[in-house]
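Student: I should like to learn how to read the features of a structural model. May we proceed one feature at a time?

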Amino acid sequence: MATPLGSESPCTGGKRRNYSNNIVTKFTASRITGKSFSRGTQLPEGLLQERDKRAKWHGIPILLQKLHESSHPNSDLSHAHSFLKVLSSQLSVEAMSFVTEDRKTAQESTFPNTYTFDLFGGVDLLVEILMRPTLTMQKKKPKMNDDLVKDCLSVLYNCCICTEGVTKSLAARDDFVLFLFTLMTNKKTFLQTATLIEDILGVKKEMIQLEGIPNLSGLVQSFDQQQLANFCRILSVTISEPDVGNDDKHTLLAKNAQQKRNASPSRAEVNQVTLLNIPGFIERLCKLATRKVSEATGANFLQELEDWYTWLDNALVLDALMQMATEEAEQSSTESSDESSLATSPLRHRLPQSMKIVHEIMYKVEVLYVLCVLLMGRQRNQVHKMLAEFRLIPGLNNLFDKLIWRKYTASNHVVHGQNENCDCSPEISFKIQFLRLLQSFSDHHENKYLLLNSQELNELSAISMKANIPEVEALVNTDRSLVCDGKKGLLTRLLTVMKREPPDSSFRFWQARAVESFLRGATSYADQMFLLKRGLLEHILFCIIDSGCTSRDVLQSYFDLLGELMKFNIDAFKRFNKYVNTPEKFQAFLTQINSSLVDSNMLVRCIVLSLDRFESQTEDVKVVEVLSECCLLSYVARVENRLSFLFRLINIINVQTLTQENVSCLNTSLVVLMLARRKAKLPFYLNALREKEYAEKYPGCLLNNFHNLLRFWQRHYLNKDKDSTCLENSSCIPFSYWKETVSVLLGSDRTSLCAIASYIDEPFMDVDRDLLED
């Protein structure tokens with residue numbers, strides 16, 4: 001009989017006997033304290049048999065005892081495997097129940113068999129069995145039976161998903177995590193190993209360093225394309241910055257403080273470099289991303305399908321497969337009522353092709369995600385060069401109609417962030433990852449012209465020539481051998497499907513973001529006209545004014561796109577006035593803008609900047625005509641309306657609530673004041689802010705807040721080259737003028753008419769000097 005646990009008396013410090021008969025209580029305590037027995041194999045078999053029926057252990061402790069006894073070093077593991085198979089069958093039922101019931105919270109009462117298996121040391125025992133070959137001193141390591149390894153891994157995975165704490169305990173064992181990667185060299189156990197690793201890395205406190213994996217380069221190069229695609233699921237966890245998960249930590253104040261503490265590259269960034277150093281890695285991902293379904297079928301396809309249940313999060317994929325098969329059957333029956341044709345093409349013959357399509361789509365989701373993350377990393381230019389060289393964009397263009405957007409897919413899901421887990425169907429996930437990739441590829445990079453074909457590039461050149469302006473240097477330098485093939489480039493295909501999308505579809509958000517990224521950076525008249533000629537402006541205005549769209553995410557993306565499309569472009573404002581041709585339409589447009597300035601402020605900034613430029617071009621007859629007729633320009637030209645925007649932009653943000661999403665409000669307010677300063681009207685605007693405060697009976701409120709915001713602005717932007725370049729390119733205002741204006745506004749001389757401090761009466765001065773201190 002096991003020695004009873006003792007506990008110290010809190011009064012005397014001496015031992016007192018505890019004669020509790022509860023084995024589970026004793027065993028649980030022993031695992032925490034390290035005292036007494038540590039696993040069920042140390043208990044007498046008679047005791048276990050006696051308590052088994054009453055405790056409803058279903059013979060698991062006894063089976064574990066036999067498994068332990070038959071798995072000693074140098075023993076014949078065939079007996080151990082037979083016991084493991086019995087255990088596996090008991091545990092797999094609970095695991096399947098867990099998956100099909102949408103992963104409800106793991107509890108002892110919900111999954112008693114898995115809980116009992118872990119409680120009596122089953123998890124630790126399987127880890128020992130798996131790692132035993134690594135402990136031998138022999139040069140030639142003993143090889144374990146593949147089926148035994150497979151079953152060990154499957155049982156461990158079942159325990160992870162059904163019993164709380166198992167995954168975390170395995171994640172804490174760095175030696176075991178690194179050992180698992182060595183098992184991936186065996187194709188027979190690859191999928192089970194990859195599944196377990198993915199679950200473990202998902203809860204690991206510290207991100208694993210890929211360079212610590214033995215012979216990582218050789219491992220990756222040994223993978224076939226299917227294995228590499230599955231391996232991308234694991235890589236996605238190792239190269240993505242962890243989601244902080246708390247809204248407060250998303251603030252720029254918190255992010256800046258974190259960056260200051262962690263000046264060196266993060267583990268995710270180091271892992272990205274490690275991957276890029278693997279020969280042929282990016283080239284193989286590009287081939288995976290662009291291969292056709294007909295190229296993907298292999299001899300092991302059906303075998304792999306049988307193993308899907310071990311790595312799918314839910315049953316959505318199976319639903320998708322059946323839906324496709326049904327659709328194909330219905331389509332076939334409508335196209336031909338010939339009984340003989342239906343008889344020779346039964347549903348079971350058509351289903352594998354549907355499976356192949358979804359199978360390939362799921363692979364591409366993982367691959368596109370990894371490529372997207374790498375495109376947003378510090379090695380962006382290196383990745384861009386490789387993606388262009390390996391013709392990723394032309395390859396995706398060739399897949400667009402046949403696979404990526406081969407049919408309409410309803411998407412009423414919320415808009416998912418970059419690091420959020422998505423429970424979408426494979427088709428929806430694939431489209432979103434594709435659009436994210438286009439956005440990352442085009443954003444502020446000269447390779448964006450690879451999204452066009454040769455004819456479309458010629459069209460851009462013709463637009464520039466007709467307008468008598470020089471071609472953009474990036475366009476001139478584009479390698480024509482790397483652009484899209486066919487009658488349409490990828491950007492044009494995207495515009496086509498974008499116009500067909502229902503108003504509230506979340507795809508609209510990503511589509512607009514992808515097109516906007518093509519326009520971002522230094523404003524290109526030719527790029528704008530290329531899109532204007534394809535009816536993009538009218539489509540956007542329809543969505544904002546007439547479609548009944550209520551999604552704030554979609555509306556924000558359309559406001560941002562409209563701003564980039566219209567900026568400094570007199571033809572765009574003329575088209576706007578032609579579409580918004582009634583007071584009712586214009587009022588509906590203003591209502592959408594005013595309903596959320598956080599969403600629409602980039603458009604407001606575009607209008608203010610454009611108006612300022614047009615007012616300096618009064619020698620141009622077309623400009624004068626549009627200035628006099630355009631309702632939008634006339635509205636913003638009125639000082640009271642610009643002041644109204646300024647009041648609200650400053651009032652809806654403060655230093656503590658600034659995020660990457662709303663910091664644009666601060667920059668838009670700065671643009672309004674910089675343009676006023678150019679015309680020597682800055683004192684007028686500052687005095688108007690002061691009068692607004694007194695009218696609202698909150699003297700000092702707006703100006704103190706604005707003072708603090710500008711002090712944060714100095715800290716944030718003067719140390720971030722990329723952000724400053726973006727500000728300069730998007731506004732055509734030199735960054736030196738941005739800095740100078742902020743310094744003038746923050747001047748301490750209370751006699752200066754351009755310093756905020758001059759407009760705050762002494763009793764109401766409340767500039768928090770310690771606000772930004774770490």
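Tutor: Let us begin with a definition: the expected span of a helix is 1.5 Å times one less than its number of residues. Please bear in mind that this is a predicted model.

Student: What span does helix H6 reach from its first C-alpha to its last?

Tutor: Helix H6, residues 122-135, has 14 residues and reaches 20 Å, close to the 20 Å expected.

Student: Where in H6 does a kink lie?

Tutor: The kink, of about 35 degrees, lies at Ile129, shortly before the proline Pro133. Both Ile129 and Pro133 are among the buried residues of H6. The others are Gly122, Val123, Leu125, Leu126, Val127, Leu130 and Met131.

Student: How should one read the spacing of residues along a helix?

Tutor: An α-helix has 3.6 residues a turn, so residues three or four places apart point the same way.

Student: And how is the packing of two helices described?

Tutor: Two packed helices are described by the angle between their axes and the distance between the axes. Helix H32 (residues 597-614) and helix H35 (residues 639-651) provide a case: their angle is about 135 degrees and their axes are 11 Å apart.

Student: How are H32 and H35 oriented to each other, and what is the handedness of their crossing?

Tutor: Angles of 65 to 115 degrees count as roughly perpendicular and those over 145 as roughly antiparallel; H32 and H35 are therefore oblique to each other. Their crossing is left-handed. On the H32 side, Leu597, Asn601 and Val604 take part, and they meet Phe645, Arg648 and Leu649 in H35.

Student: At what angle do helix H36 and H40 pack?

Tutor: Helix H36 (residues 663-678) packs against H40 at about 85 degrees, with the axes 10 Å apart. The two helices are therefore roughly perpendicular to each other. From H36, the contact involves Asn667, Leu670, Val671, Leu673, Met674, Arg677 and Arg678. From H40, it involves Tyr737, Trp738, Glu740, Thr741, Val742, Val744 and Leu745.

Student: Let us turn to single residues. Is Asp560 buried or exposed?

Tutor: Buried means under 20% relative accessible area. Asp560, found in helix H29 (residues 552-566), has a value of 10% and is therefore buried. Not counting residues up to four places away in sequence, Asp560 touches Arg513, Glu516, Asp599 and Met602.

Student: How does Ala637 compare with that cut-off, and what is it in contact with?

Tutor: Ala637, in helix H34 (residues 631-637), is partly exposed, with a relative accessible area of 31%. Leaving aside its neighbours within four places in sequence, Ala637 is in contact with Leu611 and Arg642. Ala637 and Leu627 are 10 residues apart in sequence, and their C-alpha atoms are 9.5 Å apart in space.

Student: Which backbone angle deserves attention at His444 and at Cys732?

Tutor: The angle is phi. His444 has a positive phi of about 50 degrees although it is not a glycine. His444 is in the loop between helix H22 (426-442) and helix H23 (454-466) and is partly exposed, at 27% relative accessible area. Cys732, likewise not a glycine, has a positive phi of about 60 degrees. Cys732 is found in the loop between helix H39 (721-731) and helix H40 (735-745), and at 40% relative accessibility it counts as partly exposed.

Student: How many helices and strands does the protein chain have?

Tutor: The protein chain has 40 helices and two strands. Of its 774 residues, 53% count as buried. Among contacts with a separation of 6 or more, 75% join residues 24 or more positions apart.

Methods:
Residues are numbered from 1 along each chain as its sequence is written. This is a predicted model: local features need pLDDT of at least 70, side-chain atom pairs count only at pLDDT 80 or more; totals for chains, interfaces and linings use all residues. Side-chain values use heavy atoms; hydrogens and water are left out. Helices (H or I, at least four residues) and strands (E, at least two) are DSSP runs, numbered from the N terminus. The bend at a residue is the angle between axes fitted to the seven residues ending there and the seven starting there. Buried means under 20% relative accessible area, exposed over 50%, partly exposed in between (1.4 Å probe, protein chains only). Axes are lines fitted to C-alpha atoms, for helices over the stretch in contact, and angles run from 0 to 180 degrees between N-to-C directions. Angles under 35 degrees count as roughly parallel, over 145 as roughly antiparallel, 65 to 115 as roughly perpendicular and the rest as oblique. A crossing is left-handed if the near helix is turned anticlockwise from the far one by less than a right angle, and right-handed if clockwise. Contact means heavy atoms within 4.5 Å.
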